[in-house]
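Me: I'm new to this one, so could you walk me through it? I'd like to know what each label rests on.

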Amino acid sequence: PTHHGFFLCRRFELLLLLLLAFHALPSSIAQPGNNNNNNTNNTTNNTTNNNNQFGISNANFRALLQDLRGNGFLTTATLLPFLTISLLTPPMTLLIPSDAALAANLSSIAPIQYASIIRYHILRGNFSLERLRALPVGTSIPTFLSSSSSSSSSSSSSGVQVTANTPIRYSLNGVDIVKPDVCGRIVAAAGIACHGIGGILI
């Protein structure tokens, strides 16, 4: 019981620190429901199915959060509602660090870096593990930090690189995918792939 209480306290501290940092970020991060930058262009689209913050339907977004929670990625599921449409536009692939990896590395990351790190963990394109395995070692996959949306065989400072591709291991920038394809069919049909990773990409 003592260990469990310590774990819950640690998770609360992590979430509080992240949320405070998000409030200090520039316009790439916003609180849920804050759509001042998109009110003019999105008035029509917002009246029906689309969640105007994320560019996906409300039902698909709820399914995404449910998939993440069900696979133990509670921190990411808590933080996703704070991202704006500029970060979440399918097709895309979310590379989701475990709660333990976030807790272990947060203190070494400056708050000003958070927005860039989040974009770096979102690949441009819907890459299931099967599609990732078709890319040879050395391939650079563009992220939402990239100016280009095409994969290449050369390394890129704004893309992630395939560093291992074997039947038992797949890694990007040396970080293993530990839980592939964690999002279900509803989310996949919306053009979103999700993979749990064992660390933070740098």
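Me: Where does pLDDT stay under 50, and how many contacts beyond four places in sequence does the model have there?

Reply: That's residues 20–48, with 42 such contacts. pLDDT is the predictor's confidence in each residue, from 0 to 100, and a contact means heavy atoms within 4.5 Å. This is a predicted model, where local features need pLDDT of at least 70 and side-chain atom pairs count only at 80 or more, while totals for chains, interfaces and linings use all residues. Residues are numbered from 1 along each chain as its sequence is written, and side-chain values use heavy atoms, leaving out hydrogens and water.

Me: What is the mean pLDDT of the protein chain?

Reply: The mean is 76, and 64% of the residues reach 70 or more.

Me: Why is Arg-131 said to lie over the face of Phe-127?

Reply: A charge sits over a ring if NZ of Lys or CZ of Arg is within 6 Å of the ring centre and within 35 degrees of the ring normal. Arg-131 is at 4.6 Å from the ring centre of Phe-127, so the distance fits. Arg-124 likewise lies over the face of Phe-144, at 4.8 Å.

Me: What makes the largest nonpolar core a core, and which residues have the most contacts inside it?

Reply: The label means buried (under 20% relative accessible area, 1.4 Å probe, protein chains only) Ala, Val, Leu, Ile, Met, Phe, Trp, Tyr and Cys residues joined through side-chain atoms within 4.5 Å. This one has 20 residues, and Leu-64, Leu-68, Leu-94 and Cys-194 have the most contacts inside it. A second, separate core of 16 residues includes Val-162, Tyr-170, Ile-177 and Leu-201.

Technical notes:
Buried < 20%, exposed > 50% of the residue type's maximum accessible area, 1.4 Å probe, protein only.
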